[in-house]
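Q: I should like to learn how to read the features of a model such as this one. Could we begin with the way strands and a helix are linked?

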Amino acid sequence: MKIGIIRCQQTEDMCPGNTDFKIASEGKMAFAETGPCEIVGFVSCGGCPGKRAVSRAKMLVQRGAEAVVIASCISRGNPIGVPCPHFEKMKESIAKGVGPGIKIIDWTH
Ligand code: SF4
């Protein structure tokens with residue numbers, strides 16, 4: 001499956017997203033269900049409060065993503081345990097923005 005990943009802009013200074021690339025290509029953890037994935041794009045939410053995430057998710061879909069993945073830095077607060085306070089709204093807005101044909105995966109590892 002082709003996927004596009006959205007990550008937290010606040011954690012870019014402490015994580016390059018290497019684990020996301022590794023587990024997606026191996027089809028592990030959040031990708032155990034989909035199998036090995038090809039990442040078509042890896043972008044940030046655009047900064048708080050994450051309003052750019054919707055247009056960026058649409059861009060990922062335009063580039064071939066069949067699923068939009070919200071990385072665990074957003075939903076689980078990896079790596080320092082501070083989840084995004086806008087996660088639920090962001091997820092809802094992304095799902096609405098990309099439409100029902102696109103799968104939303106709300107964690108990575
Ligand atoms: S909106 Fe959430 S995901 Fe985006 S930078 Fe802020 S805390 Fe991170």
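A: A crossover is called right-handed if, with the strands pointing away from the viewer, the path from the first strand over the helix to the second runs clockwise. The model shown here is predicted. In this model, β1, helix α1 (residues 18–26) and β2 form a right-handed β-α-β unit.

Q: In which sense do β1 and strand β2 (residues 38–44) pair, and over how many bridges?

A: β1 and β2 pair in the parallel sense, with six bridges between them. Within this pairing, I6 has V43 of β2 as its bridge partner.

Q: With which residue of β3 is I6 aligned?

A: Opposite I6 in β3 stands I70. The pairing of β1 with β3 is again in the parallel sense, and it extends over four bridges.

Q: Is β1 mostly covered or mostly open?

A: β1 is mostly covered, with five of its six residues buried.

Q: How should one read a nonpolar core, and which residues have the most contacts inside the largest one?

A: In soluble globular proteins, nonpolar side chains tend to be buried together. Here the largest nonpolar core comprises 27 residues, and I6, A57, V68 and V69 have the most contacts inside it. Two or more residues each are given to this core by β1 (2–7), α2 (52–62), β3 (67–70), α3 (72–75) and α4 (87–98). The largest share, five residues, comes from α2.

Q: Which residues is V68 in contact with, beyond its neighbours within four places in sequence?

A: The contacts of V68 include I6 and A57. Also in contact with V68 are G4, L60, V61, I94, V98, I102 and I104.

Q: Why does C8 count as buried?

A: The criterion is a count of 20 or more other C-beta atoms within 10 Å. C8 counts as buried because it has 27 C-beta neighbours inside 10 Å. C8 lies in the loop between β1 and α1. Leaving aside its neighbours within four places in sequence, C8 is in contact with S44, C45, C73, I74 and C84. The C-alpha atoms of C8 and N78 are separated by 9.7 Å, although these residues are 70 apart along the chain.

Q: Which residues surround the ligand, and how do they divide into nonpolar, polar and charged?

A: Around the ligand are C8, Q9, Q10, C45, G47, C48, P49, G50, I74, C84 and H86. This shell divides into six nonpolar and five polar residues, with no charged ones.

Notes. Residues are numbered from 1 along each chain as its sequence is written. This is a predicted model: local features need pLDDT of at least 70, side-chain atom pairs count only at pLDDT 80 or more; totals for chains, interfaces and linings use all residues. A nonpolar core is a set of buried Ala, Val, Leu, Ile, Met, Phe, Trp, Tyr and Cys residues joined through C-beta atoms within 7 Å. A residue is buried if 20 or more other C-beta atoms lie within 10 Å of its own, exposed if 12 or fewer, and partly exposed in between; C-beta atoms are placed from the backbone. Two residues are in contact if their C-beta atoms, placed from the backbone, lie within 7 Å. A residue is near a molecule or strand if its C-beta atom, placed from the backbone, lies within 6 Å of it. Ala, Val, Leu, Ile, Met, Phe, Trp, Tyr, Cys and Pro count as nonpolar, Asp, Glu, Lys and Arg as charged, and the others, Gly among them, as polar. Two strands pair if DSSP finds at least two bridges between them.
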